[in-house]
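Hi,

Here is the structure I promised to pass on. Have a look at it first, and then read my notes underneath.

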Amino acid sequence: MAVAQFLEGINEEITDIRVMASKYDTSRKTALIYIAQPKADLNQVMSFRMRDEEGEITVRDIRSKHLNGKFIGLEISHEMGSDAAWNRFYRFMERMGYA
């Protein structure tokens, strides 16, 4: 089973995912993962973990998103510098039902 978590035991629902490829190096890709209503206590969030039967992908680039001063969610930026990293991320997204 694939899960996305900020904190152990608290599964998050991914609201949106956008993937961009580098203009100069197509093997470099960035996934922007959005979570509109995180369940975890935001004061304890240090990283975002994507876990499945292959293991864990950990991301630490997490940004709070606001609109007109109101919190609207979190954005996680996951940089992938190789085709292998992209393929691993894609398999995770397939298991989560997003691909």
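To start with the overall layout: the chain has 1 helix and 8 strands. Do keep in mind that this is a predicted model. If you follow the sequence from its beginning, the elements come in the order β-β-β-β-β-β-β-β-α. The radius of gyration is 14 Å, close to the 13 Å that the globule rule gives for 99 residues, so the chain is as compact as a globular protein of that length. Along the principal axes, its C-alpha atoms fit a box of roughly 35 × 30 × 20 Å.

A few totals for the chain as well. Of the 99 residues, 37% are buried. The exposed surface comes to about 6,100 Å², and 47% of that is supplied by carbon and sulfur atoms. Taking the contacts with a separation of 6 or more, 57% are between residues 24 or more positions apart.

Now for the strand I'd look at first, β4. Why is strand β4 (residues 29-35) described as largely enclosed by the rest of the structure? Buried here means under 20% relative accessible area, and 6 of the 7 residues of β4 are buried, so the strand is largely enclosed.

You can see its pairing partners too. Strand β3 (residues 16-21) pairs with β4 in the antiparallel sense, over 6 bridges. Strand β8 (residues 70-80) also runs antiparallel to β4, and 7 bridges join the two. Y34 is a handy residue to click on: D16 stands opposite Y34 in β4, and Y34 in turn stands opposite E75 in β8.

Then there's the core. In soluble globular proteins, nonpolar side chains tend to be buried together. Which residues touch the most other members of the largest nonpolar core here? They are F6, I33, F48, M50, I76 and F89, out of 21 residues in that core. The elements giving two or more residues to this core are β1 (3-7), β4, β5 (48-52), β6 (55-59), β8 and α1 (83-96). The largest share is from α1, with 4 residues.

If you want one residue to explore the core from, try F48. Setting aside neighbours within four places in sequence, F48 is in contact with A4, Q5, F6, I33, I35, I57, T58, V59, I62 and I76. Among those contacts, F6, I33 and I76 are also on the list of core residues that touch the most other members.

That's everything from me for now.

Cheers

Notes: Residues are numbered from 1 along each chain as its sequence is written. This is a predicted model: local features need pLDDT of at least 70, side-chain atom pairs count only at pLDDT 80 or more; totals for chains, interfaces and linings use all residues. Side-chain values use heavy atoms; hydrogens and water are left out. Buried means under 20% relative accessible area, exposed over 50%, partly exposed in between (1.4 Å probe, protein chains only). Two strands pair if DSSP finds at least two bridges between them. A nonpolar core is a set of buried Ala, Val, Leu, Ile, Met, Phe, Trp, Tyr and Cys residues joined through side-chain atoms within 4.5 Å. Contact means heavy atoms within 4.5 Å. The radius of gyration is taken over C-alpha atoms; the globule rule is 2.2 Å times the number of residues to the power 0.38. Accessible areas come from the Shrake-Rupley method with a 1.4 Å probe; for residues, only the protein chains shown count as cover.
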